[in-house]
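I opened this entry to look up the strands, the cysteines and the ring pairs of one protein. The notes below follow the order in which I checked things.

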Amino acid sequence: MKNLLFVFILATLFSCQSSSQKTEKVQIDSAFSDSAKTDACTWLKKNVEAFFNSDDQSIMETMTTADYFEYKMDAINLDLDVDGSLSEDEFKKKWSSKFNTDYAGKGVGFLISAQDWGSIQVSTCDVIHENENIITLKSIISDCDFQTDYHREITLLKENNSFKIKDVKEFD
C-alpha cells in the first residue's frame, strides 16, 4: 500500500512539471505545419492558464466558438433550478447532433471538474487528429496545488490566425 501511494505521489509531481516535457505526437493528416501545431499548443497553454489566473470568467466566451460556449453553459447548468436550465433529456436532444454529450462535463465548470483550483497549467499537449482548419489535442490540465490532473481531448478551430475551442471531451 505504501508503494502504491509513493508511485501515485511521484506520478502527480511529474505531471506538474513544465510543459517542456517530451511530447509524443500522433499524426493522422499533415494539414497543419509543425509550427501551426506548436502554435495550437502554445495558444491552448496561454489561454487556459490565463483563464484560471483571472477573475474575469467572461474570458471563456472569447476563447470558444459560439456553439461550444452555449453547449457548455447548458452542461454546467444542467438540472439546476434556474431559468433556461435543461433536463438531461432536453440537453441530449438539443446537442447530441453536434457534440458527444457523454463527455460534456455536466454540472461542472469549464475545462476542469473542480469548483476550486490552485495553480493550473496545461502539462501535456499532443496532436491526435488534424485537418485543414481543425486540430484535436490530447491534453492534461494539471492543478499542481491540489495535485489533480484532468484528462481532456480539446478540439480547436483555426480562425483568423488564432484558435477557438470548438469542443472539449472531459474524461474525468
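Two strands count as paired here if DSSP finds at least two bridges between them. With that settled, I looked up isoleucine 141 and found tyrosine 150 in E3 standing opposite. The model is a predicted one, so I turned to the confidence values before going further.

**Entry 1. Confidence.** I read a mean pLDDT of 82 for the protein, with 80% of its residues at 70 or more. I then looked for weak stretches. Over residues 1–15 the pLDDT stays under 50, and the model has 7 contacts for them beyond four places in sequence. Residues 17–30 are also below 50, and that stretch has 26 contacts in the model beyond near neighbours in sequence. Where pLDDT is low, the predicted coordinates should not be read in detail. I took no details from either stretch.

**Entry 2. Overall layout.** I noted 5 helices and 4 strands in the protein. Along the sequence the pattern reads α-α-α-α-α-β-β-β-β. The protein has 172 residues, and buried residues make up 37% of them. Of the contacts between residues at least 6 apart in sequence, 56% join residues at least 24 apart.

**Entry 3. Strands E1, E2 and E3.** I started with E2, residues 134–143. How many of the residues of E2 are buried? I found 8 of 10, so E2 is mostly covered, with buried taken as under 20% relative accessible area. E2 pairs with E1 in the antiparallel sense over 9 bridges, and a hairpin of 3 residues joins E1 to E2. E2 also pairs with E3, residues 148–159, again in the antiparallel sense, over 10 bridges. E2 and E3 form a hairpin too, with 4 residues between them. In that turn I noted glutamine 147, which has a positive phi of about 50°. In a regular strand the side chains alternate between the two faces of the sheet.

**Entry 4. Serine 142.** Serine 142 lies in strand E2. Is serine 142 buried or exposed? Serine 142 counts as buried because its relative accessibility is 0%. I then looked up what its side chain touches. A polar contact of 2.7 Å joins the side chain of serine 142 to that of serine 123. The side chain of serine 142 also makes a polar contact of 2.7 Å with the side chain of aspartate 149.

**Entry 5. The disulfide.** The structure holds 1 disulfide. Which cysteines form the disulfide? I found cysteine 41 and cysteine 125, with their sulfur atoms 2.2 Å apart. The pair links distant parts of the chain, since cysteine 41 is in helix H2 (residues 34–52) and cysteine 125 is in strand E1 (residues 120–130), 84 residues apart. A disulfide is a covalent bond between the sulfur atoms of two cysteines. The torsion about the S-S bond of cysteine 41 and cysteine 125 is about -85°, so I entered the disulfide as left-handed.

**Entry 6. Surroundings of the cysteines.** Cysteine 41 and cysteine 125 are both buried. For cysteine 125 I noted a relative accessible area of 9%, which is why cysteine 125 counts as buried. Cysteine 125 stands opposite serine 139 in E2. I also checked cysteine 125 against isoleucine 154, 29 residues apart along the chain, and read 9.4 Å between their C-alpha atoms. Why does cysteine 144 count as partly exposed? Its relative accessibility is 21%, and buried means under 20%.

**Entry 7. Aromatic rings.** I noted 11 aromatic pairs in the structure. One of them joins phenylalanine 51 and phenylalanine 110, which meet edge-to-face at 5.1 Å centre to centre, with 90° between the planes. This pair too links distant parts of the chain: phenylalanine 51 is in helix H2, and phenylalanine 110 is in the loop between helix H5 (88–95) and E1, 59 residues apart. Phenylalanine 51 and phenylalanine 110 are each buried. I also looked up a cluster of rings. Ring pairs link Tyr68, Tyr71, Phe91, Trp95 and Phe99 into it.

**Entry 8. Kept for reference.** Helix H2 holds cysteine 41 of the disulfide and phenylalanine 51 of the edge-to-face pair. E2 has antiparallel pairing with E1 and with E3.

Notes. Residues are numbered from 1 along each chain as its sequence is written. Side-chain values use heavy atoms; hydrogens and water are left out. A disulfide is a pair of cysteine sulfur atoms within 2.5 Å. Helices (H or I, at least four residues) and strands (E, at least two) are DSSP runs, numbered from the N terminus. Buried means under 20% relative accessible area, exposed over 50%, partly exposed in between (1.4 Å probe, protein chains only). Rings of Phe, Tyr and Trp (its six-membered ring) pair if their centres lie within 6.5 Å; planes under 30 degrees apart count as stacked, over 60 as edge-to-face and the rest as tilted. pLDDT is the predictor's confidence in each residue, from 0 to 100. Contact means heavy atoms within 4.5 Å. A polar contact is a pair of N or O atoms within 3.5 Å; within protein, one must be able to donate a hydrogen and the other to accept it, and residues adjacent in sequence count only if both atoms are side-chain atoms.
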